[in-house]
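Work through the exercises below with the model open. Try each task before you read its solution.

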Amino acid sequence: MVQKNEIKRIAVRGPNWVGDTVMSVPALKLLSALFPAAEIDLLLRGSVADLFEDADFVNSVVAIDDPGSKIRSVRENTAFLASRRYDLAVILTNSFEPALSTLFAGIPRRIGYNKDLRGLLLTDPVPVPDWKTRRHEVFFYLHLIAEVGNRILGRPVFLEAEPDASFTLSQSRIDSALSLIKEAGVGPQKNLVAVGAGSTNSRAKRWGLDRFAELCERLVDELDVSVVLLGGPNEVEIAENLVGERPNKIIDLIGKTSVADAAALLKQCRLLVANDMGLAHLAPAVGTKTAVIFGPTDPVTTRPFSDDAFVIREAVDCSPCMLRDCPIDHRCMTRITVDRVFAACKDLLFFRNGRL
């Protein structure tokens, strides 16, 4: 069995989605603090990997993309892991294949949650804590890293009362964002508000596009700001509904940035207003105030982990349901009015100057 002084190289398989990846930041920082002399490689989907290129709590970031076949994915990932001769694998995602790859690669210590029949694949399967549905997801990731400390370092690990989910971006990344803004015809001194009207994996998370369109118009007309639309490549049709007759005031960058570039753009904005999506986690992580509209999901466990984030939510009996499509009238979203969201944006922009 590998001992604590033999941990030289650590492979961390990160979560797959942008929001989950941001929520894992405090856990990654804790792992780095527990093993300051170890080389830590963070394995992520290519779509989110560049977000951590400037991080000082990992040594390198490796893009792990799905080649379309689970068998091929396991084979390719196994070959990579074996070539690096890792001493420890920490699996933050709950899927089966990453655990199987670490086993086939012969990594001596393999730690992850005991979910999806993975117990036999791991040297250190960690039971899912019974508070999982009552505490924020940040603590779910932190708990796993605390178990790494308990089992390998042989001592209890005490978690900070206020974990830090923020991260920094390089100046070159920020300069790139400023160039994008300049190319769009907006001066760096202009008030910018970012809007995230999509949501990749759930239609039920989406506030109505007609409401976002009205909100964008009011932000431009009444608050004299420029609106920047952000989102993934599969959300490009959203822009057609929101830009309208105002291409000089509503700037469409949906599908035109990487995740890291989107983070740098958000840092230049005074506010993000968005559905419960990855952008809503990115913005407060780089210090930008955020108004996030919650419907079917649970803000107790998955709200942006920052005092710079403000949740807009209608308390209805059927929410949180966690469904991807609403089987009834989508009341958790339709009861949230444009007036209410606009008022929250105005309040955040002009009346709340510090952390919320």
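**Exercise 1. The nonpolar cores**

Task: find how many residues the largest nonpolar core has, and which of them have the most contacts inside it.

Solution. Start with the term: a nonpolar core is a set of buried Ala, Val, Leu, Ile, Met, Phe, Trp, Tyr and Cys residues joined through side-chain atoms within 4.5 Å. Buried means under 20% relative accessible area, exposed over 50%, and partly exposed in between, with a 1.4 Å probe and protein chains only. The largest core has 70 residues, and Ile10, Phe35 and Leu282 have the most contacts inside it. Helix 6 (residues 137-153) gives this core its largest share, 11 residues. Another core lies apart from it, with 36 residues, including Leu215, Val220, Cys332 and Phe342. In soluble globular proteins, nonpolar side chains tend to be buried together.

Next, take Ile10. Contact means heavy atoms within 4.5 Å. Beyond residues up to four places away in sequence, Ile10 touches Leu31, Phe35, Ala38, Glu39, Ile40, Asp41, Tyr86, Leu88 and Val90.

Two notes on the model. It is predicted, so to speak of local features takes pLDDT of at least 70, side-chain atom pairs count only at pLDDT 80 or more, and totals for chains, interfaces and linings use all residues. Residues are numbered from 1 along each chain as its sequence is written, and side-chain values use heavy atoms, with hydrogens and water left out.

**Exercise 2. Two aspartates**

Task: place aspartate 50 and aspartate 261, and state what each one contacts.

Solution. Helices (H or I, at least four residues) and strands (E, at least two) are DSSP runs, numbered from the N terminus. Aspartate 50 sits in the loop between helix 3 (46-49) and strand 3 (60-63). Its relative accessible area is 14%, so aspartate 50 is buried. Its side chain makes a polar contact of 2.8 Å with that of serine 258. A polar contact is a pair of N or O atoms within 3.5 Å; within protein, one must be able to donate a hydrogen and the other to accept it, and residues adjacent in sequence count only if both atoms are side-chain atoms. Leaving aside neighbours within four places in sequence, aspartate 50 contacts Arg173, Ser258, Val259 and Ala260.

Now aspartate 261. It belongs to helix 10 (residues 259-267). Aspartate 261 is buried because its relative accessible area is 16%. Its side chain joins that of arginine 173 in a polar contact of 3.2 Å. With neighbours within four places set aside, aspartate 261 contacts Arg173 and Ser176.

**Exercise 3. The largest pocket**

Task: give the volume of the largest pocket and describe its lining.

Solution. On a 1 Å grid over the protein atoms alone, a cavity is a set of points where a 1.4 Å probe fits but cannot get out, and a pocket is an open set with protein on both sides within 12 Å along at least five of seven lines; lining residues have an atom within 4 Å of a point. The largest pocket has a volume of about 1,400 Å³. It is lined by 48 residues, with Trp17, Val18, Gly19, Asp20 and Asn201 nearest its centre. Elements giving two or more lining residues include helix 1 (18-23), helix 11 (278-285) and helix 12 (299-302).

Methods:
Grid points are joined across faces, edges and corners, and a volume is the space filled by probe spheres set on the points.
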